[in-house]
Structure formats: C-alpha cells, structure tokens
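User: I should like to understand why the features of this model receive the names they do. Please begin with the sheets.

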Amino acid sequence: MADRHVDIAGQIAGIDPGLRPDDLAPDEAAHLLLSLAQVLGQANLDYHTADAPALSDADYDRLKRLNAAIEAQFPDLKRSDSPSDQVGAAVADGFGKITHAVRMLSLANAFDDDDVQDFDDQIRKFLGLGADAPLNYTAEPKIDGLSLSLRYEDGRLKQAATRGDGETGENVTQNALTIADVPQTLTDAPAVLEVRGEVYMAHADFAALNERQNESGGKTFANPRNAAAGSLRQLDASITAARPLKFFAYAWGEVSSAIAETQSGAIARLADWGFSTNPLTQVCDGPAELIAHYKQIEQQRAGLGYDIDGVVYKVDDLALQRRLGFRSTTPRWAIAHKFPAELAWTRLRDIDIQVGRTGAISPVARLDPVTVGGVVVSNATLHNEDYIAGIGGDGTPIREGRDLRIGDWVQVYRAGDVIPKIKDVDLSKRPDGAVPYVFPDVCPECGSAAIREEGDAVRRCTGGLICPAQAVEKLKHFVGRAAFDIEGLGAKQVEAFYHDADLSVKQPADIFTLAARDEANLTKLKNRDGWGETSVSNLFYAIDERRKIALNRVLFSLGIRHVGESGAAVLARHYGSWAQFADAMDAAQIGEGAAWDDLNSIDGVGAVMATSVITTMQQPAERASIDALIAELDVQDVAAPATDGSPVAGKTVVFTGTLEKMTRAEAKARAESLGAKVSGSVSAKTDILVAGPGAGSKAKKAADLGIETIDEDGWLTLIGDA
C-alpha cells in the first residue's frame, strides 16, 4: 500500500503553482501542511545549523509562501510546528549560547507587484491611513548571507551572536572581531546598542577562497552564502580571520536611547559610526517607487559583486513601525521582495491515486525526473479530477481547456510564491492513442464507492472505518506532533502496527492497550525486527506519559474535518473540559437550539465547522471509537487566563461599529494581549460590547441581554490606553 501514497518529496515537488488555497479540501490542506512542516524544518537545520542547504533559497521561499497561504485559508489547521512560527534553527553544538535581548525575526516575502501593493494596502488599513496619505519606505538590497547581531556597551563591542532560532544565537564574538567591516569601538553611541546586519562574501573573494581550498585539498563551498556562514561559524577564530568576510549593517536590536526618528536616519547614523551600509538603499514614496527601485536593483544585480536575492522594504517612520508591531515571527512594517521563476518540460508517465484520512481521493502525476530551479522534480500533485480535465476551481478553463493524458509532454512551472505544477501540455507531442484519463469512482484501497458531493472539489471514498487508507492516515494524524506526539511512535510504526494481526492497532484507543495486549501475545514486540527490550520499554513508557494530555490536543487529534490546531484550541478554551464539550455536542442540533447557537458564537467557528464537529460526535461508530479513547486518558481542563492586573482577562469582548482611534485589527490584538477573548457575535456569554458609530443589530442584542456596552473611549479608559 505504501507505494500508493505520495512521499514527501513527491508532494512538495508536485503542488500546483496556480493552485489557490481555497480550492483545497481541508484534509488535503492538512496533509500538505504536515509535509511542508517536515521539509521546511529540515531545511532550516540544513541552512542555519549545518551550513549545507539541500533546498535552494527559491524553493524554500516557494514552500514557505505556500504554507502561509494555506494557513491563511485554513487557520484552524495551523500546526504547532508551523514554519510560519519558526525563525532560523537551533544553535549547533560547540558554540556558547547568547539570548537576544530583542528577538531576531525573519521577514515576510513578496514575489510580484501585486504583493507589494497588498503590503502597502495592509499597512494603511492597519494604521487607518487613506490611500493618498503620505507614507515613505526604505528599499535596500537583501543580502544573501548570515545574520549577525553585534552588541556594544559603552562604545565597545562586547558580544556577537548569530540569529539561531531568533531567541538564542551562537556566540561568535571572537570570530566577529576578525571582520574588518565590524568596528570594535564606537564614538558617541548609546550606552547599549545592538547593531544587526549580514555577513557575506564577495564573488571574487569566494572564487579565490575556493581556489585556495582546492589547492590545499580543503573543503570547497557551493556558493558564497555557504562559505560566509561556514567561515563565521568556525570554532577556531584563526580560520575565520583567514576568510574574506564582509558585513553590511541595516538594523538594530536593543538600544538604550533612540538613534533616529526614521529608518533612513538610523542607517545614516550606523554609517557615521563606521559601519558599511548599502549604497543602494533609497527612500521611496509608495509602491510605484518601490517597484521601480526594485527593477533598477534587479538590473544591476549581476554586477554588484555579491549575492542578493531580493529587495527589502521597510516603513521609514520608526513611530509607525512601533505602532504596526509584529506578528509571531515577522514585523508588519517590513517585507522582502524576492527575485523570480522557472520552467521545464518532461513526460507525464503515469497518474496514481492516493487516499487521505477523510477519504479524499487525490491524483498524483508521475514524471520523468527533470531539474527545475535546482531541484529534481519527479512527482506532481494534480489536485483533483477537474484539474486533470482542464477545469479550474471556479469552473472556467485552465490551460485553455487542454486536458492531461498519460504520455503527454508537459510543462512544469515553478513561480516565486508556490511549488511546481503542470502548467501546460504540448498537444503536438501527444502520443498516438493517448486517451482521456478516467477518474476512478471506486476507492483503490477498499473498493467502496467514491462519490463527489455537490460543492466539494474532491471525490471521496465512502468506506469510512473499513477503508485501510483512511484508518491508517487517521492514526498517523493522531500520533502527529501537534496531536499526541508519542516518542517512538511515528507514521512508519503506525502503519506496521495497523497491518500486524497480533498488534492490531486499528483505532487510537488500541495504542493505549498495546502494552497489555503485547503481554498476552506469544510473539512479543521486543522480539520483532527493529525492536528490542529497551526500545519497547521506552515506547510503552512514552505512551503512558501521553495519557495525561491537554484538551486542545485531544480535540485536534480526533481528525475532525475543518478542525485544525487553532480550531481545537478555540473549542478547548470555550468549553474548558472534555465533559462540558461532550455534553454540549450531545445536546446540539444542527441548525437550531441553544447548544448550536453557543457553538456558532465562538470567534473562529462557523456553521461548516460546527456541523462537522456535531456530526462526528453524534455518529455512533465514530463516537464509540472516541469514547474508547477518552476512557484511556486523563484529559486536562483548560486553565483560566492568568493575565495579572488586566481588567479584561478572561472576559469575552465583541467589537462593532466603526472604531475611530484604532483599527479593528489593532483593537483585537490589544484585547487578546490583555487576556480577553474576542468574539464575532453577541451572546449571553458576552461580557463587554465595544460599540462605535454605526453599531447596529449587535448593539440592540447586547441591550436586550443586559450586556455592558461602552464606546471606544470607554474601552481605552478601561484598558489604560486613554
């Protein structure tokens, strides 16, 4: 059966670059997010820790962009190990650790002019600025090197650290002291000043270094970035001193006093202190000037003498930067506009079918291997039967209506924001006798009917629990990192245990009875290939350790359609305990009743998710499996918010009408930072309604329910921001 399932490389290589995340079914999105988390997590280690990336920068950007787009479309499916929440990678062994006083974050990416316009639009929306209001940005080349933070105290360089995982970096102070572009003392600088920038190697210096390395029999480097990173991260500083490293300064971390009022002014101050700053940095008024400067830099790229992979835009006004603030891993006020796109032709050798945990039947293209953007592509996810037939998600033709057939000569496309798809087909090279692909109407795994319901983009197996593919995929989801995350029990072990007649792990509860059943078996697990007494003992211990588990993890582990990590967390916070959740689902009726209304009032829960949760919990076979699992667990209640001193901690707040002193996004972010729950609808559980001008039905309902209603000024006074 394993050969019917797409390997990770196949999944990544085969995602449709024209794919819109809203065309994905939730189970497809969840499966893809798992693959992306695995591939990008390893890429972070290869790039930041080992200085030996196996994934090109362009491919990394494509994958991360796709991951973010899917998370935006399916916020409930965001994983606890999401690449969107990761910066860099863990510190390598051998280096001391330095905790950054101010986190070193990564940047969001733009890949085309529309993305740049969206960046400007989002900033204006967040700040409440009109389209014609002046808003300056800086634009500077994005150096392809290794991030470095330099901490100066009383004008002297005290320590230098790599970015690491954003919070903790490697102590490379002695190595940084050998770089000529790094001043060791500063005049008239703040008492504490952290200067941040990029260590890089010029093309000519890189070529000379590789020539010397080759002559001496030493290691040669694949590119200047690897050479710079490997040189800076030497345990012997004398090796670093012999390497031709350079440093551009472009940012700062902790400062004891302000150094400027604008980004451009701060860059000028850095230059005054003796740092090298990029001469191509320019202040631009709006997206049109940013894009024009981007194109100028792109034209000069080949002659710069060092590697860049895009242009970074930052809001110039530092007061606005502070107001815009940060997302979890990126600032709202900056973006990296990356350079683009590649094409290649190859043969479509076959179309395979895989079955997901919710029964989704997905076609997979098997290709003659072809190199696209430095990566060998041999598989492509074809998304669904319409895509093969040349029909887009909105029912309009794609590829001008040309279908895909086995044996076709196809064009594989790699754009900046997504990973490969089959973009087109050359009908002049279509083999004689090639016939339209007939999509299966039965499941290849269990033989059950595969039907496509109205409004669903995919065909699904109706076999349910009798379908081995669905059962195995559900178990794999259950043991995933964001769910039970049982050490020693991964996808490979789950599949083996499922198909082993003696071990017979068919549903989640079977995992927690495995030790007892193994004790009764004649052939013990410890005597099987790949196992031993210690590994089995460790596995059973790890399983027992997961009997006590948080409610949100349990809810996510069940694999309910439309319920991702965020959705599970929202449900857990709302109901507080498994008993209250289960009782509410038992009482709920789809489309009506108090329990239904309560479920739908939760911010982040809609009718689709609510229907899915209730259906799952009330389906007899599914519920029996869930109850058997719960009987083996100690499900932990959700602790009440612990935001000391907050007047709104634990309260449910609804905003309605027009806010005049802050945008809705700012208001929501501020409320959540104080421990409040922000809901999208008024109910009996609402504590405070903040009503601006234009408040309508929500204000009336709040009045009818006797809920405290305050205006925007009252809200600001309440939270101490007046």
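Analyst: One open sheet is formed by 5 strands in the order S2-S11-S10-S3-S9, with mixed pairing. Its edge strands, S2 (108-110) and S9 (282-285), each pair on one side only, and the twist from one strand to the next averages 35°. Helices (H or I, at least four residues) and strands (E, at least two) are DSSP runs numbered from the N terminus. The model is predicted: local features require pLDDT of at least 70, side-chain atom pairs count only at pLDDT 80 or more, and totals for chains, interfaces and linings use all residues. Residues are numbered from 1 along each chain as its sequence is written, while side-chain values use heavy atoms and leave out hydrogens and water.

User: What makes S3 and S10 a pair?

Analyst: Two strands pair if DSSP finds at least two bridges between them. S3 and S10 are joined over 6 bridges in the antiparallel sense, so the condition for pairing is met. Within this pairing, Glu140 stands opposite Val312 of S10. Helix H4 (residues 113-127) packs on the sheet and touches S2, S3, S10 and strand S11 (334-338), its direction making about 175° with that of S11. Helix H10 (residues 287-300) also packs there, touching S3, S9, S10 and S11, at about 140° to S9. Contact means heavy atoms within 4.5 Å; axes are lines fitted to C-alpha atoms, for helices over the stretch in contact, with angles from 0 to 180 degrees between N-to-C directions.

User: What is the order of the open sheet of 4 strands?

Analyst: That sheet has the order S22-S21-S23-S24, and its pairing is parallel. S22 (677-679) and S24 (708-710) are the edge strands, each pairing on one side only. Neighbouring strands are turned by 30° against each other on average, direction ignored. Between strand S23 (residues 688-691) and S24, which run parallel, there are 3 bridges; Val690 has Ile710 as its bridge partner in S24. Helix H24 packs on this sheet, touching strand S21 (652-656) and S22, and its direction makes about 170° with that of S21.

User: Why is the contact of Lys142 with Asp309 called a salt bridge?

Analyst: The term requires a side-chain nitrogen of Lys or Arg within 4 Å of a carboxyl oxygen of Asp or Glu. The closest N and O atoms of Lys142 and Asp309 are 3.4 Å apart, so the pair qualifies. Lys142 lies in strand S3 (residues 136-143) and Asp309 in strand S10 (residues 308-315), 167 residues apart, which links distant parts of the chain. The whole structure holds 33 salt bridges.

User: Is Asp309 to be called buried or exposed?

Analyst: Buried means under 20% relative accessible area, exposed over 50%, and partly exposed in between (1.4 Å probe, protein chains only). Asp309 has 11% relative accessibility, and therefore counts as buried.

User: How do you know that Arg233 and Glu170 form a salt bridge?

Analyst: Their N to O distance is 2.7 Å. This pair also links distant parts of the chain: Arg233 is in the loop between helix H7 (224-232) and helix H8 (237-241), and Glu170 is in strand S6 (residues 168-170), 63 residues away. Both residues are buried.

User: Where do Glu666 and Arg323 lie?

Analyst: Glu666 forms a salt bridge with Arg323, with the closest N and O atoms 3.4 Å apart. Glu666 is in helix H24 (residues 664-673) and Arg323 in helix H11 (residues 318-324), 343 residues apart. Glu666 counts as buried because its relative accessibility is 13%; Arg323, at 37%, is partly exposed. Elsewhere, salt bridges that share partners join Arg151, Glu153, Glu194, Arg196 and Glu254 into one network.

User: Why is the pair of Tyr200 and Phe248 called stacked?

Analyst: Rings of Phe, Tyr and Trp (its six-membered ring) pair if their centres lie within 6.5 Å; planes under 30 degrees apart count as stacked, over 60 as edge-to-face and the rest as tilted. The structure holds 13 aromatic pairs. For Tyr200 and Phe248 the centres are 5.0 Å apart and the planes stand at 10°, so this pair is stacked. Tyr200 is in strand S7 (residues 192-200) and Phe248 in strand S8 (residues 246-255), so the pair ties together parts 48 residues apart in sequence. Tyr200 is buried at 7% relative accessible area, and Phe248 is buried at 8%.

User: What makes the pair of Phe326 and Trp333 edge-to-face?

Analyst: Their planes stand at 75°, with 6.1 Å from centre to centre. Phe326 is partly exposed, at 47% relative accessible area, whereas Trp333 is buried at 13%.

User: How do you know that Lys506 sits over the ring of Tyr498?

Analyst: The term applies if NZ of Lys or CZ of Arg is within 6 Å of the ring centre and within 35 degrees of the ring normal. The charged end of Lys506 is 3.9 Å from the centre of the Tyr498 ring and sits over that ring. Arg399 likewise lies over the face of Tyr387, at 4.9 Å from the ring centre.
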